[in-house]
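Q: Could you take a close look at the pockets in this one for me? I'd like to know what lines them, and what the neighbouring parts of the chain are doing.

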Amino acid sequence: MSIRSGGELEIWDIEDIVNLGKKQFACPYFAARELAENSDLVFCPYNYILDPGVREAAGISLNGSIVILDEAHNVENAAREAGSVEITDKQLDILINECQTMAKAGHLPETHEFVGMFAQGLVTWMQGEFEDFEHQDFETLTAVWPRKDASIQDLLNQLAMTPAFTSRLQQAYSKIEDYIKEQRAIHAENQRMTGGSTSGKDIDGIDSNHLSNISMRVIGSLLRVLKHLSHGGRFSGDYRVARIRRTVMTSHEQLFTNRKRKKSSIAPATVTQEQVNTLAFWALNPGVVFAEIASLTRSIVLTSGTLSPL
């Protein structure tokens with residue numbers, strides 16, 4: 001990064017890094033991540049700090065840092081959103097298909113089969129018949145736990161999300177994560193040896209013999225919530241769990257060509273209905289994610305023109 005005067009000692013903004021990336025045919029995002037590792041001062045959006053999943057993916061370490069949050073009157077809502085998770089049956093279908101592919105290919109078959117079987121059981125429950133939706137409107141049905149006849153722990157036990165299961169899922173996640181790191185290291189070495197050839201890439205831009213980033217985020221986010229919901233946990237009473245069923249209208253347009261006139265036109269759209277099932281974990285207390293940040297950092301400074309003094 002010593003391409004211009006000052007190198008790493010320069011103050012780099014987004015425009016500088018984007019322009020440099022265009023000139024050097026390099027990715028400005030990864031250049032910024034590399035610069036951040038040795039920087040004393042880093043500016044970033046809220047979610048890079050508050051959301052543990054984003055923080056982990058971006059490689060941000062808060063150990064011993066001083067965190068300054070501007071416009072801090074927005075922190076509570078942002079923290080609640082960061083501590084909340086919504087998983088759809090469509091996301092789980094992707095995870096199931098990828099796990100089946102990995103198992104058939106012989107990549108950690110037992111581990112991927114375990115994760116895939118769990119995801120399949122969750123999809124079956126989400127898509128199954130349910131008559132106790134409490135809130136209904138034109139397109140959405142919602143049931144929220146705890147209920148009069150069932151606690152959140154009752155629901156988790158029904159779904160086999162016991163502490164023993166959570167521990168086993170964590171072990172599987174860690175094993176798959178280590179495997180992905182190994183595969184990425186092999187891929188990087190192959191790129192170096194072949195001069196940057198990227199054949200056989202999947203949607204993550206790497207070899208297709210491991211789970212995608214999307215599927216790993218689904219497992220990781222679920223594990224973080226289950227940790228907070230563990231029986232007797234500090235924040236076990238700060239969540240609501242919802243089962244949501246939405247009816248989505250999808251419009252399909254078809255392009256066809258009139259060969260005589262050599263013109264293309266769009267056929268009348270056909271509209272279909274499909275159900276999207278969601279399992280939501282809503283954090284009511286911003287302290288769910290803020291407590292971890294406070295434990296890691298040296299200090300946190302909140303600044304805002306509209307905050308009231310305590």
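A: Here is a walk through the two pockets, followed by some of the helices and loops around the chain. Keep in mind that this is a predicted model.

Let's start with the largest pocket, which has a volume of about 1600 Å³. It is lined by 37 residues, and those closest to its centre are Ala36, Leu41, Val42, Phe43 and Cys44. Helices H1 (14-24), H2 (28-37) and H3 (47-50), along with strand S1 (66-69), each give two or more residues to this lining. H2 provides the largest share, with 7 residues. By type, the lining of the largest pocket splits into 25 nonpolar, 5 polar and 7 charged residues.

Now for the second largest pocket, which holds about 1100 Å³ of space. Its lining counts 38 residues, and Gly53, Glu56, Ala57, Asn213 and Arg217 lie nearest the centre. Two or more lining residues come from each of H2, helix H4 (52-57), H5, strand S2 (85-88), helix H9 (163-194) and H10. The largest share here is that of H10, with 10 residues. This lining divides into 18 nonpolar, 9 polar and 11 charged residues.

Two of those helices deserve a bit more time. H5 spans residues 75-83, and Val75, Ala79, Ala82 and Gly83 are buried in it. Looking down the axis of H5, the buried residues fall within an arc of 95°, so they line one face of the helix.

H10 covers residues 213-229 and includes His228. With a relative accessibility of 16%, His228 counts as buried, because the cut-off for that is under 20%. If you skip its neighbours within four places in sequence, His228 is in contact with Phe235, Ser236, Tyr239 and Val288.

The loops have some backbone details to check too. Between S1 and H5 sits Glu71, a residue other than glycine with a positive phi, near 50°. Glu71 counts as partly exposed, at 40% relative accessibility. Ala160, in the loop between H8 and H9, also has a positive phi, near 65°. Its relative accessible area is 42%, so Ala160 is partly exposed.

Last, have a look at the loop between strand S4 (140-145) and helix H8 (152-158), where you'll find Pro146. The peptide bond leading from Trp145 to Pro146 is cis, with omega near 10°.

Definitions and conventions:
Residues are numbered from 1 along each chain as its sequence is written. This is a predicted model: local features need pLDDT of at least 70, side-chain atom pairs count only at pLDDT 80 or more; totals for chains, interfaces and linings use all residues. Side-chain values use heavy atoms; hydrogens and water are left out. Helices (H or I, at least four residues) and strands (E, at least two) are DSSP runs, numbered from the N terminus. Buried means under 20% relative accessible area, exposed over 50%, partly exposed in between (1.4 Å probe, protein chains only). Contact means heavy atoms within 4.5 Å. The arc is that of the directions from the helix axis to the C-beta atoms. On a 1 Å grid over the protein atoms alone, a cavity is a set of points where a 1.4 Å probe fits but cannot get out, and a pocket is an open set with protein on both sides within 12 Å along at least five of seven lines; lining residues have an atom within 4 Å of a point. Grid points are joined across faces, edges and corners, and a volume is the space filled by probe spheres set on the points. Ala, Val, Leu, Ile, Met, Phe, Trp, Tyr, Cys and Pro count as nonpolar, Asp, Glu, Lys and Arg as charged, and the others, Gly among them, as polar.
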